[in-house]
Amino acid sequence: MRLVFAGTPEVAVPALDALLASGRHEVVAVVTRPDAPAGRGRRMVASPVAERAEEAGIEVLKPARPRDEDFLARLREIAPDCCPVVAYGALLPKAALDIPAHGWVNLHFSLLPAWRGAAPVQHSIMAGDEVTGASTFQIEEGLDSGPVYGVLTEEIRPTDTSGDLLTRLAFAGAGLLAATMDGIEDGTLQAVPQPAEGISLAPKITVEDARLDWTAPALRVDRVVRGCAPAPGAWTTFRGERLKIMSVAPDPARTDLAPGTLAAAKNTVHVGTGSHAVQLQWVQPQGKKPMAAADWARGVRIAAGERLGES
């Protein structure tokens, strides 16, 4: 088939590579979000998908909005048979959905209908799921509600961050998307409607979602830290300033600390939660680089009874 691939971040690149390497289909163009400012100098930078497509000598389309008539006209000229999608980042209008004969097929990082939305991996970790996966489905105008072509499952490991899990799903899902294209092309794969039960939503994680509640159990604190790593990053406050909590380790043996209360030793820093304590491993003070929690504690000289999360 003639394919137009739509995607934007680094997590979409393995799927684009898999389709380029398949030898069975031709990726004739990619659609990606416009260049955006990045880095300390706020220089305009192309998306990872755009950079990979340019390396491969493929036409790159960067519409400000997918409903723009110039973009729709160019898509009609290209006349793709199917448009595979991974984390494109914009809603597709019906006028675009109707152009390819086999529609737009999205690789979504959850076992649909669970975790429909922008942040399925983060929500699955924060909810304490033991298993997640990826699904390929036909995009329709509803939110991640179209019929499903294929799925794969992936165990969530006890120390997984959303970055760890997303990386594994990106590579495993790349194979699933390529196989889905094969099945659509040869007619052996039919999309199956999603069940009406088991629907859950995974909206983008907000800054407030990432704020740690030290009265919650240690297990919940750990899940929020891992689910928000590397972005947007779980956080709390210390002496009135924001402190990013990058990693923790629950310590069931330490039960003497009230929620939020800090206890620093020579090489360890513990903080109380609603159950037992967690050990802080890596933190990032406001305006500074990430550092080991013990180094941070030595620098700020934590006083007896000082707490995290107080305004």
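**Exercise 1. Decide whether L201 is buried or exposed in this predicted model, and say where L201 sits.**

Step 1. The relative accessibility of L201 is 53%.
Step 2. A residue counts as exposed when this value is over 50%, so L201 is exposed.
Step 3. L201 lies in the loop between α6 (162–186) and α7 (218–227).
Step 4. Together with L143 and I199, L201 makes a nonpolar surface patch of about 290 Å².

**Exercise 2. Describe the chain as a whole: which elements does the chain have, and what are its overall values?**

Step 1. Count the elements: there are 8 helices and 15 strands.
Step 2. Take the extent: along the principal axes, the C-alpha trace spans about 70 × 45 × 30 Å.
Step 3. Take the burial: 48% of the 311 residues count as buried.
Step 4. Take the surface: about 14,900 Å² is exposed, and carbon and sulfur atoms supply 52% of that area.
Step 5. Take the contacts: of those between residues at least 6 apart in sequence, 65% join residues at least 24 apart.

**Exercise 3. Work out the order of the strands in the open sheet of 7 strands, and find the helix that packs on the sheet.**

Step 1. The order is β5-β2-β1-β6-β7-β8-β9, with mixed pairing.
Step 2. At the edges are β5 (59–61) and β9 (148–155), each of which pairs on one side only.
Step 3. From one strand to the next, the twist averages 20 degrees.
Step 4. The helix on the sheet is α6, which touches β1 (2–7), β6 (83–86), β7, β8 and β9. The direction of α6 makes about 155 degrees with that of β9.
Step 5. For one pairing in detail, take β7 (residues 104–108) and β8 (residues 131–138): they are antiparallel and share 4 bridges. Within this pairing, V105 stands opposite Q138 of β8.

**Exercise 4. How many salt bridges does the whole structure hold, and which parts of the chain does the pair D35 and K62 link?**

Step 1. A search of the whole structure gives 17 salt bridges.
Step 2. In the bridge between D35 and K62, the closest N and O atoms are 2.7 Å apart. The two residues are 27 residues apart and link distant parts of the chain. D35 is in the loop between β2 (26–31) and β3 (36–38), while K62 is in the loop between β5 and α3 (69–78).
Step 3. D35 has a relative accessible area of 32% and is therefore partly exposed. K62, at 29%, is partly exposed as well.
Step 4. K94 and D98 also meet through their side chains in a salt bridge, with an N to O distance of 2.7 Å. K94 has a relative accessible area of 46%, so K94 is partly exposed.

**Exercise 5. Are E154 and R168, which form a salt bridge, buried or exposed?**

Step 1. The closest N and O atoms of E154 and R168 are 2.7 Å apart.
Step 2. E154 belongs to strand β9 and R168 to helix α6, 14 residues apart, so the pair ties distant parts of the chain together.
Step 3. Buried means under 20% relative accessible area. E154 has 16% and is therefore buried; R168 has 18% and is buried too.
Step 4. Elsewhere, salt bridges with shared partners join R24, D182, E185 and D186 into one network.

Notes. Residues are numbered from 1 along each chain as its sequence is written. This is a predicted model: local features need pLDDT of at least 70, side-chain atom pairs count only at pLDDT 80 or more; totals for chains, interfaces and linings use all residues. Side-chain values use heavy atoms; hydrogens and water are left out. Patches are made of residues with over 30% relative accessible area and no salt bridge: like charges are joined within 9 Å, nonpolar side chains (Val, Leu, Ile, Met, Phe, Trp, Tyr) within 5 Å. Accessible areas come from the Shrake-Rupley method with a 1.4 Å probe; for residues, only the protein chains shown count as cover. A salt bridge is a side-chain nitrogen of Lys or Arg within 4 Å of a carboxyl oxygen of Asp or Glu. Buried means under 20% relative accessible area, exposed over 50%, partly exposed in between (1.4 Å probe, protein chains only). Two strands pair if DSSP finds at least two bridges between them. Axes are lines fitted to C-alpha atoms, for helices over the stretch in contact, and angles run from 0 to 180 degrees between N-to-C directions. Contact means heavy atoms within 4.5 Å.
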